Amino acid sequence: MLPMPSNEELIRRVPRLILGLALFGFGIALMVLADLGLSPWEVLHQGISRTTGIPIGTVGIITGILVLLLWIPLRERVGIGTLFNVLLIGIVIDLTLWLAPIEPTATWHHWVLLIAGMLFIAVASGMYIGVGLGPGPRDGLMTGIGKRGVPIGLARGAIELTVLGLGFLLGGRVGIGTVLFAFGIGPLVGWLLPVLTISPIQGRRAATVNPVIPISDEA
């Protein structure tokens, strides 16, 4: 694991980590309710959910655990933020969808939910990445492959196209929201990340990733 920060650093960083991950899950849930298309990993999660009947957030948790197993041969190090990421986002997604009122009907309702979801995810990404407590499981998979000589962009593209295609075949929702997310979330996170980043933990660099990558890591 990554070195555990001091108690003072944990008190400073963990509340922001938890809030960021909760907002991330809430943003994903809004995009699910918008029904205009999801990010690649969420398309996969939704496809598996529709096929098996398992709630989409729970599918995300299970997928996150399986992805973490791939970290072992890649020798990626888990941080406390990684563990929170695996569990908290999926719980918030399922809870939000369970508590949500009836699904939207008017077209503008769908667009409001989509845009709000993307904004929540962008802010949340800046918050949880900026605390430097460890990347999400899917981000770590991409950066771990990148350390083996594969360009990060190629690793990300190959993985996300694969999960997107599989999710689509399983019934996950691909649409305009998928496209907007792919092209819009990176610039949004890139703008917000410097504003929301806490100074690096003393003794090691903050665990940040390319702001174009965390996108829907669940992140």
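Mentor: A helix here is a DSSP run of H or I with at least four residues, numbered from the N terminus. The model in front of you is predicted, and in this model I62 has its place in helix α3.

Trainee: Why is I62 called partly exposed?

Mentor: Buried is kept for values under 20% and exposed for values over 50%, with partly exposed in between. The relative accessibility of I62 is 39%, which falls between these two limits, so I62 counts as partly exposed. Its C-alpha atom is separated by 9.2 Å from that of G90, a residue 28 places away along the chain.

Trainee: What makes F24 and Y128 an aromatic pair, and why is the pair called edge-to-face?

Mentor: A pair of aromatic rings is described by the distance of the centres and the angle of the planes. For F24 and Y128 the centres are 5.8 Å apart, which is within the 6.5 Å limit, and the planes make an angle of 75°, which is over 60, so the pair counts as edge-to-face. F24 lies in helix α1 (residues 7–34) and Y128 in helix α5 (residues 107–130), so the pair ties together parts that are 104 residues apart in sequence. Both F24 and Y128 are buried.

Trainee: How many aromatic pairs does a search of the whole structure find, and what makes F26 and F120 one of them?

Mentor: The search finds two aromatic pairs. F26 and F120 have a centre-to-centre distance of 5.0 Å, within the limit of 6.5 Å, and an angle of 90° between the planes, over 60, so they too form an edge-to-face pair. Since F26 lies in helix α1 and F120 in helix α5, this pair ties together parts that are 94 residues apart in sequence.

Trainee: Are F26 and F120 buried or exposed?

Mentor: Neither word fits, because F26 has a relative accessibility of 29% and counts as partly exposed, while F120, at 30%, also counts as partly exposed.

Trainee: How do you know that G25, which lies in helix α1, is buried?

Mentor: The relative accessible area of G25 is 0%, which is under the 20% limit, so G25 is buried. Leaving aside its neighbours within four places in sequence, G25 is in contact with I89, V92 and I93. The C-alpha atom of G25 is also separated by 7.8 Å from that of I121, although the two residues are 96 places apart along the chain.

Trainee: Why is A155, in helix α7, called buried?

Mentor: A155 has a relative accessible area of 4%, again under 20%, so the word buried applies. Not counting residues up to four places away in sequence, A155 touches M142, I145 and V150, and the C-alpha atoms of A155 and M142 are separated by 5.9 Å.

Trainee: What makes R75 exposed, and where does R75 lie?

Mentor: R75 lies in the loop between α3 (56–74) and α4 (80–99). At 72% its relative accessibility is over the 50% limit, so R75 counts as exposed. R75 also has a positive phi of about 60°, although it is not a glycine.

Trainee: What is the phi of D35, and why is D35 called partly exposed?

Mentor: D35 has a positive phi of about 60° and is not a glycine. This residue, in the loop between α1 and α2, has a relative accessibility of 32%, which lies between 20% and 50%, so partly exposed is the right term.

Trainee: What makes L170 partly exposed, and which residues does L170 touch?

Mentor: With a relative accessibility of 31%, between the limits of 20% and 50%, L170 counts as partly exposed. L170 has its place in the loop between α7 (152–169) and α8 (176–196) and, not counting residues up to four places away in sequence, it touches L44, G47, I48 and T51. Measured by sequence L170 and S49 are 121 residues apart, yet in space they are 8.9 Å apart, C-alpha to C-alpha.

Trainee: How do you know that R138 is within the distance limit for lying over the face of W41?

Mentor: R138 is at 5.1 Å from the ring centre of W41, and the limit is 6 Å.

Trainee: Which residues lie nearest the centre of the second largest pocket?

Mentor: V32, L33, Q46, R50 and E103 lie nearest its centre, out of 13 lining residues. The lining divides into seven nonpolar, three polar and three charged residues, and its largest share, three residues, comes from α2.

Notes. Residues numbered from 1 in each chain as written. Predicted model: local features only at pLDDT ≥ 70, side-chain atom pairs only at ≥ 80, totals over all residues. Heavy atoms only, no water. Phe/Tyr/Trp six-rings, centres within 6.5 Å; stacked < 30°, edge-to-face > 60°. Helix = DSSP H or I, 4+ residues; strand = E, 2+ residues; numbered from the N terminus. Buried < 20%, exposed > 50% of the residue type's maximum accessible area, 1.4 Å probe, protein only. Lys NZ or Arg CZ within 6 Å of the ring centre and 35° of its normal. 1 Å grid on protein atoms, 1.4 Å probe; cavity = no way out; pocket = protein on both sides within 12 Å on 5 of 7 lines; lining within 4 Å. Nonpolar A, V, L, I, M, F, W, Y, C, P; charged D, E, K, R; others polar. Contact = heavy atoms within 4.5 Å.
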